[in-house]
Amino acid sequence: GAYLACTEFVDHCVGVILQALDKSSHAKNTIIVLWSDHGWHLGDHGMFCKHTNYEQATRSPLILAAPGTCPEGASTAAPTEFVDIYPTLCDLAGIELRPELEGTSLVPLMGDPASLVKPVAISQYPRRYDKKNVMGYAYRDQRYRYVEWEQKKFRDGETTGPVVLQELYDYEVDPLERRNLADDLAYADQLKRMIALARATRTGT
């Protein structure tokens with residue numbers, strides 16, 4: 001009950017702000033960005049926490065509104081990240097995007113929600129596995145999540161550790177991530193594709 005009450009109160013507060021904006025002289029030249037922290041695991045995966053590489057802890061609200069940029073209520077399934085907010089605001093405001101920015105402008109999605117601006121969204125969080133400290137790197141495209149767990153005890157000169165565990169989830173058939181498909185031969189091609197995306201993303205190619 002308290003969780004739902006908190007959500008309703010936040011929604012009310014957003015409404016108050018938007019009503020005030022609509023009554024002002026700035027409604028037609030104001031960019032609005034609403035984003036949020038992620039939610040809680042509430043028993044799914046046997047967890048009650050916020051910090052994982054699964055969907056519940058990495059999928060977060062992101063709503064953009066800018067006059068004349070996209071149809072009202074349009075949505076996209078394209079992967080996006082919070083590092084994309086700043087370059088998007090620069091793009092909308094006509095400010096030159098600096099080459100060292102890690103994010104990508106989402107303005108193309110506002111004009112064509114079916115398009116893509118990046119192949120995957122990335123998250124990272126550690127855990128204990130088989131009595132070892134491992135770091136998890138998750139790569140989420142429009143349908144799949146691939147998680148790669150690396151042992152973090154490196155030898156001299158190494159920048160990555162050995163992969164000790166892989167996870168692959170298909171949200172079209174398993175939206176609650178109940179079945180790890182990394183060892184399923186029917187998904188071998190998808191696993192190979194996601195590994196290639198992970199390698200390309202990590203190396204900046």
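**Close-up views of a predicted model**

**Figure 1. The largest nonpolar core of the predicted model.** Seven members of this 14-residue core touch the most other members: Val120, Tyr139, Tyr144, Tyr146, Leu168, Tyr187 and Met194. Two or more residues each are contributed by strand E4 (132-140), strand E5 (144-151) and helix H5 (188-202). Helix H5 supplies four residues, the largest share of the core. A second core, separate from this one, has six residues, including Leu64, Ala66, Ala78 and Leu106.

**Figure 2. The surroundings of Tyr146.** With neighbours within four places in sequence left aside, Tyr146 is in contact with Tyr137, Ala138 and Tyr139, with Gln166, Glu167 and Leu168, and with Leu191, Met194, Ile195 and Ala198. Among these partners, Tyr139, Leu168 and Met194 are also listed with Tyr146 as core members that touch the most other members. Tyr146 counts as buried because its relative accessibility is 0%, under the 20% cut-off.

**Figure 3. Edge-to-face pair of Tyr54 and Tyr169.** Searching the whole structure gives three aromatic pairs. In the pair of Tyr54 and Tyr169, the ring centres are 6.0 Å apart and the planes meet at 75 degrees, an edge-to-face arrangement. The pair links distant parts of the chain, with the two positions 115 residues apart in sequence numbering. Tyr54 belongs to the loop between strand E1 (32-35) and helix H2 (55-58), whereas Tyr169 is in strand E6 (residues 163-170). Tyr54 and Tyr169 are both buried.

**Figure 4. Stacked pair of Tyr139 and Tyr146.** The rings of Tyr139 and Tyr146 lie 6.4 Å centre to centre, with 25 degrees between their planes, and the pair is stacked. Tyr139 has 0% relative accessibility and therefore counts as buried. The value for Tyr146 is also 0%, so Tyr146 counts as buried. Both tyrosines are members of the largest nonpolar core.

**Figure 5. Arg127 over the ring of Trp149.** Arg127 lies over the face of Trp149. The distance from Arg127 to the ring centre is 5.0 Å.

**Figure 6. Ala200 in helix H5.** Ala200 is placed in helix H5, the element that gives four residues to the largest core. Its relative accessibility is 25%, so Ala200 counts as partly exposed. Ser25 is 175 residues from Ala200 along the chain, and 46 Å separates the C-alpha atoms of the two residues.

**Figure 7. The protein chain as context for the close-ups.** Five helices and six strands make up the secondary structure of the protein chain. In sequence order, the pattern is α-β-α-β-α-α-β-β-β-β-α. The C-alpha trace spans about 60 × 45 × 35 Å along its principal axes. Of the 205 residues in the chain, 30% are buried. Among contacts between residues at least 6 apart in sequence, 46% join residues at least 24 apart. The accessible surface is about 13,400 Å², and carbon and sulfur atoms account for 56% of that surface.

**Figure 8. Confidence of the prediction along the chain.** The mean pLDDT of the protein chain is 89, with 95% of its residues at 70 or more. Among the elements, helix H2 has the lowest mean pLDDT, 85, and strand E6 the highest, 95. Where pLDDT is low, the predicted coordinates should not be read in detail.

Conventions. Residues are numbered from 1 along each chain as its sequence is written. This is a predicted model: local features need pLDDT of at least 70, side-chain atom pairs count only at pLDDT 80 or more; totals for chains, interfaces and linings use all residues. Side-chain values use heavy atoms; hydrogens and water are left out. Rings of Phe, Tyr and Trp (its six-membered ring) pair if their centres lie within 6.5 Å; planes under 30 degrees apart count as stacked, over 60 as edge-to-face and the rest as tilted. Buried means under 20% relative accessible area, exposed over 50%, partly exposed in between (1.4 Å probe, protein chains only). A charge sits over a ring if NZ of Lys or CZ of Arg is within 6 Å of the ring centre and within 35 degrees of the ring normal. pLDDT is the predictor's confidence in each residue, from 0 to 100. A nonpolar core is a set of buried Ala, Val, Leu, Ile, Met, Phe, Trp, Tyr and Cys residues joined through side-chain atoms within 4.5 Å. Contact means heavy atoms within 4.5 Å. Accessible areas come from the Shrake-Rupley method with a 1.4 Å probe; for residues, only the protein chains shown count as cover.
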